[in-house]
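This report looks at how some helices pack and at some local features of the backbone. Please keep the sequence and the coordinates open while reading.

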Amino acid sequence: MGGAVKVYGVVASPFVATVLLCLEETGVGYELVPVDMAAREHKTDPHLSRNPFGKIPALEDGELTLFESRAISRYVLRKYGSGTRPDLLRESSLEESAMVDVWTEVEAQQYLPAISNIVRQCVIMPLIGGVRDQAVVDENVGKLGKVLDVYEARLSSSPYLAGDFFSLADLAHFAFTYCLVAGTEYAPLLEKRVSVRAWWGRIMARPAVRKVAALIDLGLLKPLLSA
């Protein structure tokens, strides 16, 4: 993959995977530039010139450098998500873009805190020789279940979270949900909710999603604990 756009990071990071998915959905050429997390390359120059907080991903597009995956995702979709590509922000419609914003915020404020704790305990801790704290897992499984009950109600009347169209609100759920389904025993949280299961199936059927999913190696999550 080539082109002016460079993404710095590793695809095992859910935040990097989200950015790559946005790029794949828009069809723009890009280069993934590996960052050696185990060697803490992200905490030294030149990476600190790209992200002063020493995190991944960072993106370079010509003279522009960006960090923070959500900001990068919106930038990519605004710049490249037009023409024959789907408009994943729906900015041509005030009402539709507002719904995208609502459910993208739900992902950030309600869904992510619960699911990320489950993934951390069940996937990352064993990789670094630790033992999961099942009390933390159980607490967050309960929290995630309550969020998914809301999703089930929403998705019972709409194929996607923001409406009858796939958007950033759905895309933003991919990476951590994939880690949960592929790397833990808690896939039934989605599977037992009929509408949520169908929604996840629609997401996973997208060619861009399948391409990024094939790149994710959960075993590479180990050096990300201190990222």
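What follows covers two helix pairs, one further helix, and then individual residues and peptide bonds.

The model is predicted, and local features are reported at a pLDDT of at least 70 and side-chain atom pairs only at pLDDT 80 or more, while totals for chains, interfaces and linings use all residues. Residues are numbered from 1 along each chain as its sequence is written, and side-chain values use heavy atoms, with hydrogens and water left out. Helices (H or I, at least four residues) and strands (E, at least two) are DSSP runs numbered from the N terminus.

**Helix pairs**

Two packed helices are described by the angle between their axes and the distance between the axes. Here the axes are lines fitted to C-alpha atoms, for helices over the stretch in contact, and the angles run from 0 to 180 degrees between N-to-C directions.

Helix H1 (residues 14-26) and helix H10 (residues 207-215) have axes that come within 9 Å and cross at roughly 140°. That angle makes H1 oblique to H10, where angles under 35 degrees count as roughly parallel, over 145 as roughly antiparallel, 65 to 115 as roughly perpendicular and the rest as oblique. The crossing of H1 and H10 is right-handed; a crossing is right-handed if the near helix is turned clockwise from the far one by less than a right angle, and left-handed if anticlockwise. On the H1 side the contact (heavy atoms within 4.5 Å) is made by Ala-17, Leu-20, Leu-21, Glu-24 and Glu-25, and on the H10 side by Ala-208, Val-209, Lys-211 and Val-212. This contact of H1 with H10 has six nonpolar, no polar and three charged residues, where Ala, Val, Leu, Ile, Met, Phe, Trp, Tyr, Cys and Pro count as nonpolar, Asp, Glu, Lys and Arg as charged, and the others, Gly among them, as polar.

For helix H4 (residues 94-127) and helix H7 (residues 174-183), the axes come within 9 Å and cross at roughly 40°. H4 is thereby oblique to H7, and H4 passes H7 in a left-handed crossing. The residues of H4 in this contact include Tyr-111, Ile-115 and Val-119, and those of H7 include Phe-176, Cys-179 and Leu-180. By class, the contact of H4 with H7 divides into 10 nonpolar, three polar and no charged residues.

**Helix H3**

The buried residues of H3 (under 20% relative accessible area, against over 50% for exposed and in between for partly exposed, with a 1.4 Å probe and protein chains only) are Ser-69, Ile-72, Ser-73, Tyr-75, Val-76 and Leu-77. They pack against H1, strand S3 (58-61), strand S4 (64-67) and helix H6 (168-171).

**Backbone features and Ser-97**

Two cis peptide bonds are listed here.

| Peptide bond | Omega | Place of the proline |
|---|---|---|
| Asp-45 to Pro-46 | near 10° | loop between strand S2 (30-33) and helix H2 (47-50) |
| Ile-56 to Pro-57 | about 5° | loop between H2 and S3 |

Glu-68, in the loop between S4 and H3, has a positive phi near 75° although it is not a glycine, and at 47% relative accessibility it counts as partly exposed. Arg-90 lies in the loop between H3 and H4, has a positive phi of about 55° without being a glycine, and is partly exposed at a relative accessible area of 22%. Ser-97 of helix H4 is buried, with a relative accessible area of 13%, and, not counting residues up to four places away in sequence, Ser-97 touches Leu-89, Arg-90 and Glu-91.
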